[in-house]
Amino acid sequence: MTISVPADVISRLKAVLGEGGWSQDPERIAPKLVEWRGRWTGTTPLLALPKTTAEVAAVVGICAASGTAITPQGGNTGLVSGQIPQGEILLSTERLRAVRGIDAFDDVIVAEAGVTLAAVHEAAAAINRRFPLGLASEGSATVGGVISTNAGGTQVLRYGTTRNLVLGVEAVLPNGEIWNGLKRLRKDNTGYDLKQLLIGAEGTLGVVTAATLKLFPVMRSRATAMVGLDAPLAAIELLARAKAETGGGVEAFELMKRIGMGFVLANIPDTREPLDSAPPWYVLIELVSGEPGAADAAMERLLTHAFETGLINDAAIAQSDAQRVAFWKVREEQSAAQKPEGGGWKHDVSVPLSRIADFLEEATAAVERFHPGARVSAFGHVGDGNLHYDVLCPPGGDLKDFLARWEQGSQIVHDIVARYDGSISAEHGLGRLKTDEARRYKSPLEIRTMQAVRAAIDPHRIMNPAVLF
Ligand SMILES: Cc1cc2nc3c(=O)[nH]c(=O)nc-3n(C[C@H](O)[C@H](O)[C@H](O)COP(=O)(O)OP(=O)(O)OC[C@H]3O[C@@H](n4cnc5c(N)ncnc54)[C@H](O)[C@@H]3O)c2cc1C
C-alpha cells in the first residue's frame, strides 16, 4: 500500500474514468476534504467519479494491482471522518445516482450507492410505500454511506438499524471483482451472509455500488407529542408504558435537555419553545398505527394517564403537520445549535435502557469534577438507549484549553459507558476518530477476528486503511 500515488497509476485511472470522470481541481475537491463538524481536513491526489459499477471495478482493479489506497465517499455527512482521505484516492459515488427499480409486490427499491436517502423516501412515497430510515442528514447521506455506517436514526425503535433494512448488496471487492448480491429475498439461509459483512464495514471491505432496500406500508395514523419531564428516569418509564399502550406502535422516542433546547431557540432561526413550562427534560414521541385515528387515541390515553399519575408535567400533541414539523425541527437542530456555543467533546454512546438514568447522573457528575463549569447537552434516540452526550466549554472559558482535554474527558465518559455494558459508538461508527479509542474497549479476540476477516478480503489493506482495525 502506498499513500503517495505514482504518476502512471493516476494516468491509468484517468484513462478508465474518461472525461468528467475525475478531477484534480482543488476548488472542486475542497468540499469533499472537510467533514461536517470541520474537525478533520484531508488530501487526495485524485477525485475519482465513476458513473457505473464497471468503472468502480476498473478503478479498484488498478488500485489493487498497484497497492494504491482508496477512500470511498458518499454524501460526506459521516461524523467520524471515515470518508476524509489522507492521501488516498478519493472515490466519490456522486455519479452513481440511478434508481434501478422499485416494486410494490416485492416491497423493494433497488438504488445505486450515490442516491440520497431523501431521494429513496421520495421514490417510495410515489408508490405509497416508505423506507423507514430517518436522519437529519438525509438530504445528503447516501445509500452507500448509510449501508457502510449501518446508520441508525429516529425509527430504529420500530424498524431496526440499516442492517435490518437491506435485502441485497452489489459491491466491488478490494481485488476489483464485482459481487452481485442484489437479491430481494426475505429468506435465504445459505451460509455466511456476506452483505451483512459489508454493512457497517465503513468502506474497509469494498465499495458498495447498489443495494436492494426493504419498503414498508405507509401507516394510516400517526400522532406526535412533545412531553415535559423532571428527570430521565420518568422518560424510561413513559417509554415502557407507551410500548404497552400501543402494542409496539412507538416509532420515535427522542430525549432532549433544557440546555440543548436553549441552544436551539437562541441559535436556530424559526424555532419556538414547544412547551410553555420550559421543563428540565423533553421527550418527542411519535406513535403509529395501521388503523385510522388509533395513534391519536393511544397518545391521548398514554398522556392523560401519565399526567394523572404524576409521571409527566407538561405535554402538547401536534395538531397539524406544521406543528409536527416544528417539534421535529427543535430535535433535529440540537447538534447544529451547539456550533455557535463553541466546540465540544462529542460522544455517541448507548447503554441498556434500564441504566440510562444512572449513566447520565454518574457521567455528568464525573465530567463536572473533571472540568468544572462544562455544559452537558445530552440528547438523542433514547428509545434505543442511544444518547449524543456532548460536553461544551463553560461560557467564557478557554476553548483551546477545553478542546485539548477532549481525549481525557472522553475517556472518563467512555469508561463509565463500558462499566454500564454500553457502546462508545452507538450509530456513527469508528472511522478515523474512534478506532484507537475502541481498542481500549474491544476484547483482543474481537479485534483479532475482525483483522482476520479483513485480511482475507483485503490482504493488501487498500480500502480505507486508517479506518477500523
Ligand atoms: C446533521 C447530521 C445528523 C446525523 N444523524 C444521524 C443519525 O441520526 N443516525 C446515524 O446513524 N447517523 C447520523 N449522522 C451521520 C451520517 O449522516 C451517517 O453516518 C450517514 O450514514 C453517512 O452517509 P454518507 O453518504 O454521508 O457517507 P459518508 O460520510 O460519505 O461516508 C461514511 C463512511 O462510509 C464509507 N462509504 C461511503 N459510501 C460508501 C460506499 N459506497 N461503499 C463503501 N463505503 C462507503 C466512507 O468511506 C466512510 O467510512 C448524522 C450526520 C449529520 C451531519
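The following paragraphs describe two sheets, a hairpin, a cavity and a pocket in a predicted model.

In the part of the chain that comes early in the numbering, an open sheet of 4 strands is found, with the strand order 1-2-4-3 and mixed pairing. The edges of this sheet are formed by strand 1 (22–23) and strand 3 (70–73), each of which pairs on one side only. Strand 3 is joined to strand 4 (residues 89–92) in the parallel sense over 4 bridges, and within this pairing Pro72 has Leu91 of strand 4 as its bridge partner. Helix 3 (residues 53–66) lies across strand 3 and strand 4, and its direction makes an angle of about 165° with strand 4.

The loop between strand 3 and strand 4 contains Ser81. With a relative accessibility of 0%, Ser81 counts as buried, because the limit for that class is under 20%. When residues up to four places away in sequence are set aside, Ser81 is in contact with Glu35, Trp40 and Arg432. Glu35 and Trp40 also appear in the lining of the largest cavity, together with Arg37, Arg39, Leu79, Trp406 and Leu433. The structure holds 1 cavity of 30 Å³ or more, and the space within the largest cavity amounts to about 30 Å³. By class, the residues of this lining comprise 4 nonpolar and 3 charged, with no polar residue among them.

Strand 8 (residues 166–172) and strand 9 (residues 178–181) run antiparallel and are joined by 4 bridges, with Glu170 standing opposite Asn180 of strand 9. These strands form a hairpin with 5 residues between them, in which Gly176 adopts a positive phi near 95°.

A further open sheet of 4 strands has the order 13-14-12-15, and its pairing is antiparallel. Strand 13 and strand 15 (314–317) occupy the edges of this sheet, and since each has a single partner strand, one side of each is left without a neighbour in the sheet. From one strand to the next, the twist averages 15°. Although strand 13 (residues 250–257) is an edge strand, 8 of its 8 residues are buried, so that strand 13 is largely enclosed by the rest of the structure. Strand 13 runs antiparallel to strand 14 (residues 281–289), to which 7 bridges join it; among the paired residues, Val250 has Leu287 as its bridge partner in strand 14, while Ala252 has Glu286.

Two helices lie across strands of this sheet. Helix 8 (residues 232–246) lies across strand 12 (221–229), strand 13 and strand 14, running at about 170° to strand 13. Helix 9 (residues 258–267) lies across strand 13 and strand 14, and its angle to strand 13 is about 85°.

The second largest pocket has a volume of about 890 Å³. Its lining consists of 34 residues, of which Gly200, Leu430, Lys442, Met450 and Leu468 are the closest to the centre of the pocket. At least two residues of the lining are supplied by each of helix 5 (143–149), helix 7 (194–198) and helix 16 (444–457), and the largest share, 6 residues, comes from helix 16. Divided by class, the lining of this pocket has 14 nonpolar, 13 polar and 7 charged residues.

Definitions and conventions:
Residues are numbered from 1 along each chain as its sequence is written. This is a predicted model: local features need pLDDT of at least 70, side-chain atom pairs count only at pLDDT 80 or more; totals for chains, interfaces and linings use all residues. Side-chain values use heavy atoms; hydrogens and water are left out. On a 1 Å grid over the protein atoms alone, a cavity is a set of points where a 1.4 Å probe fits but cannot get out, and a pocket is an open set with protein on both sides within 12 Å along at least five of seven lines; lining residues have an atom within 4 Å of a point. Grid points are joined across faces, edges and corners, and a volume is the space filled by probe spheres set on the points. Ala, Val, Leu, Ile, Met, Phe, Trp, Tyr, Cys and Pro count as nonpolar, Asp, Glu, Lys and Arg as charged, and the others, Gly among them, as polar. Two strands pair if DSSP finds at least two bridges between them. Contact means heavy atoms within 4.5 Å. Axes are lines fitted to C-alpha atoms, for helices over the stretch in contact, and angles run from 0 to 180 degrees between N-to-C directions. Buried means under 20% relative accessible area, exposed over 50%, partly exposed in between (1.4 Å probe, protein chains only).
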